[in-house]
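I opened this entry to keep a record of what I looked up in the structure, in the order in which I looked it up.

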Amino acid sequence: MAGGGFGPGPGDGKEYPGNLTPYVMVTCIIAAMGGLIFGYDIGISGGVTSMDSFLKKFFPSVLGFI
């Protein structure tokens, strides 16, 4: 099968002798959670920083309210 896949491959079905250890699983979960949190942060902060009330209070020079 081109590109791999999850089905049985040629031979005994196990081409790589590695195992899914608890360390690998925890590392993958933490990396996935970090990506989710980063994406959520970008979405929320991007929306807030484009609000006129936020810009008026914290960055009045951007809107010309000096």
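Surface patch. I started with the nonpolar surface, and in this predicted model I found a patch of about 750 Å² made by Leu20, Tyr23, Val24, Met25, Ile29, Met33 and Ile37. I then picked out Val24 from that patch and noted that Val24 lies in helix 1. I entered Val24 as partly exposed because its relative accessibility is 33%, and the class runs between 20% and 50%.

Annotated region. I next turned to the UniProt record, an unreviewed entry, whose annotation "transmembrane region" covers residues 20-40. I treated this with care, as such annotations may be inferred rather than shown by experiment. Over residues 20-40 I read 90% helix and 0% strand in the model, with the end C-alpha atoms 29 Å apart.

Fold and confidence. I listed three helices and zero strands for the protein chain, and from the N terminus on I wrote the order of elements as α-α-α. I noted a mean pLDDT of 80 for the chain, with 73% of its residues reaching 70 or more. Among the elements, I found the highest mean pLDDT, 91, in helix 1 (residues 22-48), and the lowest, 81, in helix 3 (residues 60-63).

Aromatic contacts. I searched the whole structure for aromatic pairs and came away with two. One of them joins Phe54 and Phe58, which I recorded as tilted, with 5.0 Å centre to centre and 45° between the planes. Both Phe54 and Phe58 lie in helix 2 (residues 52-58), where they are four residues apart, about one turn of the helix. I also noted that Phe54, Phe58 and Phe59 form one aromatic cluster. Is Phe54 buried or exposed, or does it fall in between? I put Phe54 down as partly exposed because its relative accessible area is 23%, whereas buried would require a value under 20%.

Asp52. I stayed with helix 2 to look up Asp52, which has its place there. I classed Asp52 as exposed because its relative accessible area is 53%, and the class begins over 50%. I also took the separation between the C-alpha atoms of Asp52 and Val62, which are 10 residues apart along the chain, and wrote down 9.8 Å.

Whole chain. I closed with the totals, and noted that of the 66 residues of the protein chain, 2% count as buried. I entered about 6000 Å² as the area that the protein chain exposes, with carbon and sulfur atoms supplying 71% of it.

Note on methods:
Residues are numbered from 1 along each chain as its sequence is written. This is a predicted model: local features need pLDDT of at least 70, side-chain atom pairs count only at pLDDT 80 or more; totals for chains, interfaces and linings use all residues. Side-chain values use heavy atoms; hydrogens and water are left out. pLDDT is the predictor's confidence in each residue, from 0 to 100. Helices (H or I, at least four residues) and strands (E, at least two) are DSSP runs, numbered from the N terminus. Patches are made of residues with over 30% relative accessible area and no salt bridge: like charges are joined within 9 Å, nonpolar side chains (Val, Leu, Ile, Met, Phe, Trp, Tyr) within 5 Å. Accessible areas come from the Shrake-Rupley method with a 1.4 Å probe; for residues, only the protein chains shown count as cover. A salt bridge is a side-chain nitrogen of Lys or Arg within 4 Å of a carboxyl oxygen of Asp or Glu. Buried means under 20% relative accessible area, exposed over 50%, partly exposed in between (1.4 Å probe, protein chains only). Rings of Phe, Tyr and Trp (its six-membered ring) pair if their centres lie within 6.5 Å; planes under 30 degrees apart count as stacked, over 60 as edge-to-face and the rest as tilted.
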